[in-house]
Amino acid sequence: RALVGVLNPTSSTALFSMSSSVLKIENFIGGEFLASEAYLDSYDPSTGQVWARIPESSKEDVDAAVKSAKTAFPGWSSTPAAERSKILNKIADLIESKLNELAQFESKDQGKPISLAKRVDIPRAVHNFRFFASAILHRTNTSSILDGVGAINYTQRMPVGVAGLISPWNLPLYLLTFKLAPALATGNTVVAKPSEMTSVTAWMLAKIMNEVCRPVFAISFLARG
């Protein structure tokens, strides 16, 4: 079961709506958003008030995420590079279309100025997906002749399996996508764990990817595990 799908712009406008004053984040495993049995408080640095609740993921959550990624690997790794490239570019397009919302949430969650998130963090996340979407079309397998030996040396680039990605609190979406984009581009599946201090934009990215690719089995997000 590969990561496949099409952009669905009709439902994207409601991606990030808040139904209450405290945002409740869900884990994203096997194409589903799942509630947790326990939660951690996440604080707005500008006020010191709780503004989001983050799943305190269990061993069972981690096992489910890894199992999902392993199940998805044969299909995603065999998806042609050109098709993976199209999917990553669609993700980049939707991130770019949500720049203002992502920047506002990044600022509220991490504490940086909205202007900085608009200028650096979110555009770089877009760039990360577009860069690796292009790279996989041009960085192909290489070979060279070994002088005096009569042999050919060649390098074959192949997906290796499930990548476990841990990203920090200071550049949440920027550095998550810097790991996520190349892993997916090269045919690997992913279990990603953002910092429990700044998990909100990772959850938003899961929603974006769920819009672009239905079903999404190649990636799982765990807020804390």
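In this predicted model, Phe-33 comes out as partly exposed, with a relative accessible area of 23%. That value sits just outside the buried class, because buried means under 20%. Phe-33 also has company on its ring: Lys-207 lies over the face of Phe-33, at 4.7 Å from the ring centre.

A search of the whole structure turns up three aromatic pairs. One of them joins Phe-33 to Phe-28, with the ring centres 4.5 Å apart and 40° between the planes, a tilted arrangement. The two partners sit in different accessibility classes: Phe-28 is buried, at a relative accessible area of 0%, whereas Phe-33 is partly exposed. The rings of Trp-51 and Phe-105 pair up as well, and here the centres are 5.9 Å apart with the planes at 55°, so this pair is tilted too. Trp-51 belongs to strand S5 (residues 50-55) and Phe-105 to helix H3 (residues 99-110), so the contact ties together parts that are 54 residues apart in sequence. Trp-51 and Phe-105 are both buried.

Strand S5 turns up again in the sheet. Three strands make up an open sheet, in the order S1-S5-S4 and with mixed pairing. Strand S1 (23-24) and strand S4 (39-43) are the edge strands, each pairing on one side only. In general, strands of a sheet pair through backbone hydrogen bonds, either parallel or antiparallel. S1 and S5 run parallel and are joined by two bridges. Lys-24 has Arg-53, in S5, as its bridge partner. The side chain of Lys-24 has a ring to sit on as well: Lys-24 lies over the face of Tyr-39, at 4.9 Å from the ring centre.

Next comes the empty space inside the fold. Rolling a probe the size of a water molecule over the atoms shows where such space is left. The search of the whole structure finds two cavities of 30 Å³ or more. The largest cavity holds about 60 Å³ of space, and Phe-28, the buried partner in the pair with Phe-33, is among the residues lining it. Other lining residues include Ile-25, Glu-26, Pro-194, Trp-203 and Phe-221. Helix H6 (residues 200-212) gives the most to this lining, with three residues. By class, the lining of the largest cavity has nine nonpolar residues, one polar and one charged.

The second largest cavity has about 40 Å³ of space. Its lining includes Ser-167, Pro-168, Leu-173, Leu-176, Pro-194 and Ala-202; Pro-194 and Ala-202 also appear in the lining of the largest cavity. Helix H5 (172-185) and H6 each supply at least two residues here, and the largest share, three residues, comes from H5. The class make-up of this lining is six nonpolar, four polar and no charged residues.

As for pockets, the largest one has about 330 Å³ of space. It is lined by 15 residues, of which Ala-135, Ile-136, Arg-139, Arg-157 and Thr-186 are the closest to its centre. Helix H2 (81-97) and helix H4 (114-138) each supply at least two lining residues, and H4 gives the most, with four. Sorted by class, the lining of the largest pocket divides into eight nonpolar, four polar and three charged residues.

Conventions: Residues are numbered from 1 along each chain as its sequence is written. This is a predicted model: local features need pLDDT of at least 70, side-chain atom pairs count only at pLDDT 80 or more; totals for chains, interfaces and linings use all residues. Side-chain values use heavy atoms; hydrogens and water are left out. Rings of Phe, Tyr and Trp (its six-membered ring) pair if their centres lie within 6.5 Å; planes under 30 degrees apart count as stacked, over 60 as edge-to-face and the rest as tilted. Buried means under 20% relative accessible area, exposed over 50%, partly exposed in between (1.4 Å probe, protein chains only). A charge sits over a ring if NZ of Lys or CZ of Arg is within 6 Å of the ring centre and within 35 degrees of the ring normal. On a 1 Å grid over the protein atoms alone, a cavity is a set of points where a 1.4 Å probe fits but cannot get out, and a pocket is an open set with protein on both sides within 12 Å along at least five of seven lines; lining residues have an atom within 4 Å of a point. Grid points are joined across faces, edges and corners, and a volume is the space filled by probe spheres set on the points. Ala, Val, Leu, Ile, Met, Phe, Trp, Tyr, Cys and Pro count as nonpolar, Asp, Glu, Lys and Arg as charged, and the others, Gly among them, as polar. Two strands pair if DSSP finds at least two bridges between them.
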